[in-house]
Amino acid sequence: MTAQPSSPVDEPATPERVAAPPSRVLTAASLTDGPVEPARRRSRFGAPPRGPLLTGLAASLLMMVGGFGGGGILIRDPILTNSPLGFWRYGHGHELATALIYLGVVLMAWAWIRLGREVLAERVGGRAVLTTAGVWLIPMLVTPPLFTRDVFSYLAQGALPLAGFDPYAVGPEAMPGVFTANVHYFWQDTPAPYGPLFILLAKTVAWTVGTNIIAGVLLMRLTLALGLLLLVWALPELTRRLGGRVPVALWVVVANPMMVIHMVGGGHNDLLVMGLLATGSLFALRGRHVVGITLVTAAMAVKASAGVALPFLVLVWAAHMSGSQRVRITKATAAGIGVFATVFTLITLAARVDLGWLPALSAPSLIVNWMSLPTGVGEFVHWLLEIPFDLPKQPFINVARIIGGTALLVIAVRQWWAARDGGPDAIRRAGIVLLAVAVLSPATLPWYVSWGMALVAGAPWSRRALTWLVFFSLMLVIVYYPNGEDALYNWPYLAACAALSALGAVSLHRIDPLHLRLRSYDRPETAPDEFAHAGQRSG
């Protein structure tokens with residue numbers, strides 16, 4: 001279970017600045033002989049490539065239309081259930097709606113890969129990537145939840161305290177009503193595993209919409225979209241400080257199908273965590289350490305996993321203090337703990353809850369699937385031994401999770417110690433540890449990787465890393481069905497999706513990897529080393 005940027009995204013500085021094609025260059029003659037407004041408009045929005053933009057828009061619209069029948073729909077829709085359009089929710093109509101969603105996923109993947117080629121060839125800049133992603137995202141703001149039903153849990157957990165229940169003591173089933181009726185059965189009796197800030201936000205949304213669950217879904221998605229705005233605001237400068245390229249970073253995390261389909265289309269609160277992590281890290285690098293720790297503490301008050309970044313922000317602060325390294329780290333740790341305790345206490349008091357959410361953090365461990373590496377290893381070992389010995393599965397999973405937790409602790413300590421000099425490297429290593437938390441914890445869901453990607457996206461990317469990024473991004477989109485049920489043990493389905501994801505990954509660097517075009521019409525293929533360091537600054 002789980003602000004509009006203060007200034008436009010800067011075009012990359014030389015040598016990153018992308019030269020406009022001759023047909024788009026404004027000359028003195030063009031300024032005097034013809035209208036200039038279209039050219040100015042193109043400049044304002046970065047002249048996004050039309051093909052990827054329109055393909056992705058068509059994909060979003062298909063998923064939006066299909067979502068009303070094949071997505072995480074209401075148990076009883078007050079608009080569609082008794083209308084002539086009700087067929088869309090059942091039988092052949094439902095199957096057609098689901099097919100539209102999958103067609104939209106394929107088109108979105110293709111649009112993203114085409115946009116990536118333009119970015120890596122330095123034919124478009126950050127503004128164009130942001131414009132394209134924005135067009136793709138707009139339909140996702142009004143679609144039913146896609147590939148998840150978590151937003152209904154959020155609303156129910158926000159409504160619980162309004163009805164006099166402690167969301168950290170009981171699950172949604174304690175409060176019958178429209179919110180509870182739409183919560184997935186797996187989470188009906190599970191207390192909220194989220195921090196006090198998210199409970200406060202969910203409670204505010206539930207109070208605002210009353211029993212209008214459709215309005216609740218839309219308002220919850222808009223509330224969480226604040227995280228996207230924070231991410232877009234922080235990412236350009238954070239990327240420049242980490243040594244990456246702004247267009248690549250925006251393509252990696254903002255235009256990613258995971259962002260479009262899961263984070264916004266699905267409406268996951270991890271989106272808010274991403275924005276707070278990126279913004280807090282940027283303020284820390286700017287030397288505004290109290291603000292940085294405050295924002296990351298707020299992220300932890302949404303999901304506890306974000307707190308992993310706090311020790312790394314302490315190292316950034318320590319680098320700006322005087323004295324020996326040990327003295328600086330000690331002083332920064334004491335100051336950081338003070339800021340954290342104050343901020344977290346104020347948020348908890350504002351939310352009118354207690355620390356009961358800490359025991360509730362074990363709720364995600366109820367999930368057993370192979371996306372968590374330790375859980376997957378435990379299941380695999382059990383599968384090897386089950387037939388000859390008829391052994392129970394849970395002990396294997398428990399042992400593997402203990403080993404995974406130990407490995408995670410070792411990785412975190414080593415990364416923290418390697419980042420002891422502070423600076424941007426500490427932020428990058430914080431992102432690495434957050435990624436490790438996502439895959440080595442007892443339970444993993446696709447959107448968990450977003451925590452680390454909020455920080456790692458701004459680092460330099462190699463050609464190989466981008467290839468794997470495409471593969472795993474596309475796979476993570478479809479390991480759940482559009483209605484929110486998991487597809488993790490449908491092996492033929494997963495094999496087909498893996499093959500298509502691999503084709504997409506290879507297609508990022510090769511125009512025609514299957515050699516389907518006639519030779520005489522082939523465009524020149526990308527040189528093997530053209531994108532070898534595509535995510536790094538040159539010069």
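**Figure 1. Packing of helix α13 against helix α14 in the predicted model.** Helix α13 (residues 289-300) and helix α14 (residues 310-318), both taken as DSSP runs (H or I, at least four residues, numbered from the N terminus), pack with their axes 10 Å apart and at an angle of about 180 degrees, where the axes are lines fitted to C-alpha atoms over the stretch in contact and angles run from 0 to 180 degrees between N-to-C directions. That angle makes α13 roughly antiparallel to α14, a class reserved for angles over 145 degrees. On the α13 side the contact (heavy atoms within 4.5 Å) is made by His289, Val290, Gly292, Ile293, Val296, Thr297 and Met300, and on the α14 side by Leu310, Leu313, Val316 and Trp317. By class, eight of these residues are nonpolar, three are polar and none is charged, with Ala, Val, Leu, Ile, Met, Phe, Trp, Tyr, Cys and Pro counted as nonpolar, Asp, Glu, Lys and Arg as charged, and the others, Gly among them, as polar. This is a predicted model, in which local features need pLDDT of at least 70 and side-chain atom pairs count only at pLDDT 80 or more, while totals for chains, interfaces and linings use all residues. Residues are numbered from 1 along each chain as its sequence is written, and side-chain values use heavy atoms, with hydrogens and water left out.

**Figure 2. Helix α11 and its contact with α21.** The axes of α11 and α21 come within 9 Å and cross at roughly 25 degrees, which makes α11 roughly parallel to α21, the class for angles under 35 degrees. From α11 the contact takes in Pro257, Met258, Ile261 and His262, and from α21 Ser473, Leu474, Leu476 and Val477. Six residues of this contact are nonpolar, two are polar and none is charged.

**Figure 3. Helix α11 and its contact with helix α12.** The axes of α11 and helix α12 (residues 270-285) come within 9 Å and cross at roughly 125 degrees, which makes α11 oblique to α12, oblique being what remains outside the parallel and antiparallel classes and the roughly perpendicular range of 65 to 115 degrees. Here Met259, Met263 and Val264 of α11 meet Asp270, Leu271 and Met274 of α12, and the contact divides into five nonpolar residues, no polar residue and one charged residue.

**Figure 4. The largest pocket and its lining.** The largest pocket holds about 830 Å³ of space; a pocket is an open set of points, on a 1 Å grid over the protein atoms alone, where a 1.4 Å probe fits, with protein on both sides within 12 Å along at least five of seven lines, and its volume is the space filled by probe spheres set on the points, which are joined across faces, edges and corners. Its lining (residues with an atom within 4 Å of a point) comprises 28 residues, of which Val439, Val449, Phe472, Ser473 and Leu476 lie nearest the centre. Elements that give two or more residues to this lining include α11 (257-264), α19 (424-440) and α21 (463-478), and α21 supplies the largest share, eight residues. The lining divides into 24 nonpolar, four polar and no charged residues.

**Figure 5. Loop residues Ala47 and Asp390.** Ala47, in the loop between α2 (37-45) and α3 (50-70), has a phi near 50 degrees, a positive value in a residue other than glycine. Asp390, in the loop between α17 (373-389) and α18 (394-418), has a positive phi of about 50 degrees although it is not a glycine.
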